[in-house]
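Dear colleague,

Please find the structure below. I would be grateful if you would read the notes that come after it with the model open beside you.

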Amino acid sequence: MPSKKSDDLDKIGYEDAVSELEEILEELEGDDIDVDKLAERVKRASDLVKACRDRIAAAKLHVERVVAEVDDK
């Protein structure tokens with residue numbers, strides 16, 4: 001069964017995703033990370049990075065459309 005966090009990637013905001021990535025990075029940099037959780041945390045980080053990239057691409061497209069509309073007027 002997927003975790004709640006894996007289900008929320010389409011809903012998580014960019015700022016929240018970056019914040020969670022920073023938390024994961026701190027965990028990974030620590031000496032006491034549970035090896036059993038390591039792969040899970042790296043996968044979550046990968047998913048968050050993809051979500052952030054998707055948000056940036058969507059924002060870029062939106063800005064380009066708005067600018068094109070302004071240029072057409």
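The notes below describe what was found, beginning with confidence and ending with the surface.

**Basis of the description**

This is a predicted model, in which local features need a pLDDT of at least 70 and side-chain atom pairs count only at pLDDT 80 or more, while totals for chains, interfaces and linings use all residues. Residues are numbered from 1 along each chain as its sequence is written, and side-chain values use heavy atoms, with hydrogens and water left out.

**Confidence**

The pLDDT is the predictor's confidence in each residue, from 0 to 100. The protein chain has an average pLDDT of 88, and 90% of the residues reach at least 70. Helices are DSSP runs (H or I, at least four residues) numbered from the N terminus. Among the elements of the chain, helix 2 has the highest mean pLDDT, at 94, and helix 1 (residues 4-7) the lowest, at 56.

**Helix 3**

How far apart are the end C-alpha atoms of helix 3? They are 56 Å apart, which agrees with the 56 Å that its 38 residues should span at 1.5 Å a residue. The expected span is 1.5 Å times one less than the number of residues.

At the start of helix 3, a side-chain oxygen of Asp-34 comes to within 3.0 Å of the backbone nitrogen of Asp-36. A residue is called buried under 20% relative accessible area, exposed over 50%, and partly exposed in between (1.4 Å probe, protein chains only). The buried residues of helix 3 are Arg-41, Arg-44, Ala-45, Asp-47, Leu-48, Ala-51 and Cys-52. Asp-54 is also found in helix 3, but Asp-54 is partly exposed, with a relative accessible area of 38%. Its C-alpha atom is separated by 9.6 Å from that of Tyr-14, although the two are 40 residues apart along the chain. By contrast, the C-alpha atoms of Lys-60 and Asp-47 are 13 residues apart along the chain and separated by 20 Å.

**Salt bridges**

Side chains of opposite charge can pair when their charged atoms come close. A salt bridge is a side-chain nitrogen of Lys or Arg within 4 Å of a carboxyl oxygen of Asp or Glu. How many salt bridges does the structure hold? There are 6, and three of the pairs are described here.

Glu-20 forms a salt bridge with Arg-44, with 2.8 Å between the closest N and O atoms. Glu-20 lies in helix 2 (residues 14-29) and Arg-44 in helix 3 (residues 35-72), so this pair ties together parts that are 24 residues apart in sequence. Both residues, Glu-20 and Arg-44, are buried. Asp-8 is linked with Glu-20 and Arg-44 in a network of salt bridges.

Arg-41 and Glu-27 also meet through their side chains in a salt bridge, at 3.1 Å from N to O. Since Arg-41 lies in helix 3 and Glu-27 in helix 2, the pair ties together parts that are 14 residues apart in sequence. Arg-41 is buried, with a relative accessible area of 11%, whereas Glu-27 is partly exposed at 34%.

The salt bridge between Lys-60 and Glu-64 has an N to O distance of 4.0 Å. Both residues lie in helix 3, 4 residues apart, about one turn of the helix. An α-helix has 3.6 residues a turn, so residues three or four places apart point the same way. Is Lys-60 buried or exposed? At 53% relative accessibility, Lys-60 counts as exposed, while Glu-64 is partly exposed, at 43%.

**A nonpolar patch on the surface**

Leu-28, Leu-38 and Val-42 form a nonpolar patch on the surface, with about 210 Å² of accessible area together. Patches are made of residues with over 30% relative accessible area and no salt bridge; like charges are joined within 9 Å, and nonpolar side chains (Val, Leu, Ile, Met, Phe, Trp, Tyr) within 5 Å. Accessible areas come from the Shrake-Rupley method with a 1.4 Å probe, and for residues only the protein chains shown count as cover. Leu-38 has its place in helix 3 and is partly exposed, at 35% relative accessibility.

Yours sincerely

Definitions and conventions:
Helix = DSSP H or I, 4+ residues; strand = E, 2+ residues; numbered from the N terminus. Polar contact = N/O pair within 3.5 Å; in protein donor to acceptor, adjacent residues only side chain to side chain.
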